[in-house]
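Colleague: I would like to learn how to read the packing of two helices in a model. Could you take me through one case, beginning with the general idea?

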Amino acid sequence: MKRCGRCGRDVEEAVYVDYMGRWLCRDCFIDFYEKKLRNTVLKYRMFGPKDSIGVAASGGKDSMAMLMALNRIFPELKIKVIHINLGIGDYSRDSEEAVRRICDRLGIEAIIYDLKEREGFTLPDLMKTSYKRRICGACGIIRRYLLNRIAWESGSEILATGHTLDDTVELLFELYLNGRIDEIVRVKPVLEGGDRLVKRVKPLIELTDQENKYYADLTETPYSDLECPLVRGSRMLRRKKLISRIEEEIPRFKHTFYKSHIKRFLPKLKELVEKPELKACKICGMPTIGDTCSYCKLVSRVLEVIEG
């Protein structure tokens, strides 16, 4: 039996939130999680309760927890789920199945985009190219481009992604370490849209990976727990492990780092960086900084290798 640190009841089912140092019973944790997500949405003015939004669902615990919570907290929200099948064997099949299950349960429209069928290649095909050494970065290029394009083409005003506090701190850790100021200023809860560019929001940006797993498990939300085989040994995972070790020595390190970035560093850095002028990619017509967008460059290289 554990005593809930919120309601004071002795219960058999409870979860330990490490940065709080408290046990919470099932009901108290679900209430705590949903209030935290709702407050994040309202604080950063991500969307209104009746807006039309696309929800990027990979099939993993984070995005699936987000989808379940958004559906429960904002019942009048017009949600379309966007899932990209990257063609990574059992991992992608299991992820797509999880997305289909939750959409069937909640009665939400699912847009399933098969990369191989629609674009002619899979993510593992990139292992035959120069992208092999930065496969996670290449995956990011593909997902960002396609999620924006699909959301825009489907009429969604806003795109919600499942980036967590852990994801955000890992990214900031790398960017600050390497002084990449142009990219640092884009790490924030909301990125406004533009011509052919939908507004992007991160409802989970103040929630940890641990909290998302607890919520998904306690609400019996379907998700895939398979790890992407291409990410094993990546620098991203090594940075996350390092940050977790720092968190053990400095409690709430992730929360403090994130809040310092948002409240102290970001306002100053934004004054130093000019907003880049976007123009239409000469191949696909979507917004880009250069003449050809990163996605079209990637597609050109991978298809050249596949087609020989």
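Modeller: Two packed helices are described by the angle between their axes and by the distance between those axes. In this predicted model, the axes of helix α6 (residues 165-178) and helix α10 (residues 253-270) come within 10 Å and cross at roughly 55 degrees. Angles under 35 degrees count as roughly parallel and those from 65 to 115 as roughly perpendicular, and α6 and α10 are therefore oblique to each other.

Colleague: In which hand does α6 pass α10, left or right?

Modeller: The crossing of α6 with α10 is left-handed.

Colleague: Which residues of α6 and α10 make the contact?

Modeller: On the side of α6 the contact is made by Leu165, Asp166, Thr168, Val169, Leu172, Phe173 and Tyr176, while α10 contributes Phe253, Lys254, His255, Phe257, Tyr258, His261, Phe265 and Leu269. Sorted by character, the residues of this contact between α6 and α10 comprise 10 nonpolar, three polar and two charged.

Colleague: How many helices and strands are there in the chain, and how compact is the chain as a globular protein of its length?

Modeller: The chain has 11 helices and 12 strands. Its radius of gyration is 20 Å, close to the 19 Å that the globule rule gives for 308 residues, so the chain is as compact as a globular protein of that length. Along the principal axes, its C-alpha atoms fill a box of roughly 65 × 45 × 40 Å, and 50% of the 308 residues count as buried.

Colleague: What share of the contacts with a separation of 6 or more comes from residues 24 or more positions apart?

Modeller: Such residues account for 71% of those contacts in the chain.

Note on methods. Residues are numbered from 1 along each chain as its sequence is written. This is a predicted model: local features need pLDDT of at least 70, side-chain atom pairs count only at pLDDT 80 or more; totals for chains, interfaces and linings use all residues. Side-chain values use heavy atoms; hydrogens and water are left out. Axes are lines fitted to C-alpha atoms, for helices over the stretch in contact, and angles run from 0 to 180 degrees between N-to-C directions. Helices (H or I, at least four residues) and strands (E, at least two) are DSSP runs, numbered from the N terminus. Angles under 35 degrees count as roughly parallel, over 145 as roughly antiparallel, 65 to 115 as roughly perpendicular and the rest as oblique. A crossing is left-handed if the near helix is turned anticlockwise from the far one by less than a right angle, and right-handed if clockwise. Contact means heavy atoms within 4.5 Å. Ala, Val, Leu, Ile, Met, Phe, Trp, Tyr, Cys and Pro count as nonpolar, Asp, Glu, Lys and Arg as charged, and the others, Gly among them, as polar. The radius of gyration is taken over C-alpha atoms; the globule rule is 2.2 Å times the number of residues to the power 0.38. Buried means under 20% relative accessible area, exposed over 50%, partly exposed in between (1.4 Å probe, protein chains only).
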